[in-house]
Amino acid sequence: MLDIVLVGDRVRSKVTRYVERSLQLKATFGTRFAHLPPTEVDANFEPSSNETAAIDQQRQLYAGAAACLVDAQLAEQWLGELLAWHDAYTAAFVDESGVACGKVRFGPNGEVRERVPELKANLRFTYALEGSALLARALDAAGRPETDRVAEQVLWWGETFAQQFADEHTAGRWFLYEKGQVTPNNPSQISRLSHNNSQSYLIKGMESLAALRGGERWRERLRALLLFIATQRDHETGLLHEFHFSAGGWEPKVVEDTTDELNLKWQSQNGHETIIFGHTLAGLFVGPAAQAIRDGEPAKVHQLTRELIKTANHTGAIHENGLTANAFELVSGSPGFVEKTWPEGAWQVELLWQFLLHSRQVGVDLAEHQLADGRSLDEVFARGFALHDSTLFDGVVYVQEAGKPLENRGRLYADPINHAAETLLALHAL
């Protein structure tokens, strides 16, 4: 069913192709973007705006570093360019205190005209440093002398984040906004809010830092984060709650009264909490499985495989086509959810593959584990990959979540190339 060699070749080829185009964009348009590649481009790969976001720079840098870690020839070819990319990012985005802004807007001559602050934890942490942190690992693997400089930079950025966002009263809990504060005109109950839209994403940032020399504190923080996320699982559905209020449970009116800039209102549907299945995968399965492998606990990965099957059977979260559900509205009673008819996301099924690859790594036979409808996990992987490979990602661009054809667009904000890169790393670990 599943040809893992073919999957590996295709993923590597597509990640490489994506990064090659990014480096071409950097070479062509870098003088207009402070020596960074434009990350919002039209169907002709011309810049479609005068700004770029930290999330886009770091996701693409992450993909380049991942490719270097699995291919020594690419490392020889790319590491110098990726290092220059990191240095340009640092100069444009990171201030003297180690805080990265969210977006940079450029003037007509390529000068930095405006730096837009970033409020949310995942964008201030994971998506502000994960590419640079993985680059430090790639430099180290290649024996490059710049390793310590880059590692020290990203560890400093991480410590700045910890000082600003860690909940001092609950181990492993991180605020959605700095010091748990919120901007004016928002309800007071949002104060000290933790939100698993951020918490589950923080895992990758912590993993990137924990893997570095000097990352011991992040290894402990990662363990605490995973333990806290586990407490946020919904007992009825097995899905991961998105909101954790310091004062108690789900408060729909509070979320609905937030201002548009917080971008939280959409997660209250019909007065119910709406959760994203990808965050369940990241926080309850992929992150814990990777930690279990690092700890030498294969039995835990086997257990997580059984738990995933149970959750998928209950919710129908793994569709017939091998892609995953996008979102669920949590409701009272049984079965406790309503699936939202939102288009399936490319990045979410990539997370599913990463978990299945972790399972294979510890000896789980995916062909022997079946969902209630008789599909094996091996078949799920094969179907999902075939559809993703043919329709969702061509190696240069992703389709939009709304499913618009590839030829009608170039690259847009927050293309999830980091998830494809993480799949590449998981394949390499087999």
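This is a short dialogue on reading strands, a sheet and salt bridges in a predicted model.

User: In strand E2, which side chains are buried and which are not?

Analyst: Strand E2 covers residues 103-106, and its side chains alternate. Val104 and Phe106 point to one face and are buried, while Lys103 and Arg105 point to the other face and are not.

User: How is E2 joined to strands E1 and E3?

Analyst: Strand E1, residues 51-53, runs antiparallel to E2 and is joined to it by three bridges, with threonine 52 standing opposite valine 104. E2 also pairs in the antiparallel sense with strand E3, residues 112-116, over four bridges, and here phenylalanine 106 has valine 112 as its bridge partner. The hairpin of E2 and E3 has five residues between the strands, and in this hairpin glycine 110 takes a positive phi near 85 degrees.

User: In what order do the strands of the open sheet stand, and what is found at its edges?

Analyst: The order is E6-E7-E8-E9, with antiparallel pairing. Strand E6 (268-269) and strand E9 (337-339) stand at the edges and each has a single partner strand, so one side of each is left without a neighbour in the sheet. Between E8, residues 327-330, and E9 there are three bridges, and glutamate 329 has valine 338 in E9 as its bridge partner. Helix H10, residues 277-294, lies across E7 and E8, running at about 65 degrees to E7.

User: How should I read a salt bridge, and which parts of the chain do aspartate 295 and arginine 223 link?

Analyst: Side chains of opposite charge can pair when their charged atoms come close. A search of the whole structure finds 27 salt bridges, and one of them joins the side chains of aspartate 295 and arginine 223 at 2.7 Å, N to O. That pair links distant parts of the chain, with aspartate 295 in the loop between H10 and helix H11 and arginine 223 in helix H8, 72 residues apart.

User: Why does the pair of arginine 233 and glutamate 307 tie together separate parts of the sequence?

Analyst: Arginine 233 forms a salt bridge with glutamate 307, with the closest N and O atoms 3.2 Å apart. Arginine 233 lies in the loop between H8 and strand E5 and glutamate 307 in helix H11, so the pair ties together parts that are 74 residues apart in sequence.

User: Where do arginine 383 and glutamate 379 lie, and is glutamate 379 buried or exposed?

Analyst: Both lie in helix H13, residues 377-392, four residues apart, which is about one turn of the helix, and their side chains meet in a salt bridge of 2.4 Å, N to O. Glutamate 379 counts as buried at 18% relative accessibility, whereas arginine 383 counts as partly exposed at 29%. Both residues belong to a network of salt bridges that also links Glu320, Asp373 and Arg375.

How values were computed. Residues are numbered from 1 along each chain as its sequence is written. This is a predicted model: local features need pLDDT of at least 70, side-chain atom pairs count only at pLDDT 80 or more; totals for chains, interfaces and linings use all residues. Side-chain values use heavy atoms; hydrogens and water are left out. Buried means under 20% relative accessible area, exposed over 50%, partly exposed in between (1.4 Å probe, protein chains only). Helices (H or I, at least four residues) and strands (E, at least two) are DSSP runs, numbered from the N terminus. Two strands pair if DSSP finds at least two bridges between them. Contact means heavy atoms within 4.5 Å. Axes are lines fitted to C-alpha atoms, for helices over the stretch in contact, and angles run from 0 to 180 degrees between N-to-C directions. A salt bridge is a side-chain nitrogen of Lys or Arg within 4 Å of a carboxyl oxygen of Asp or Glu.
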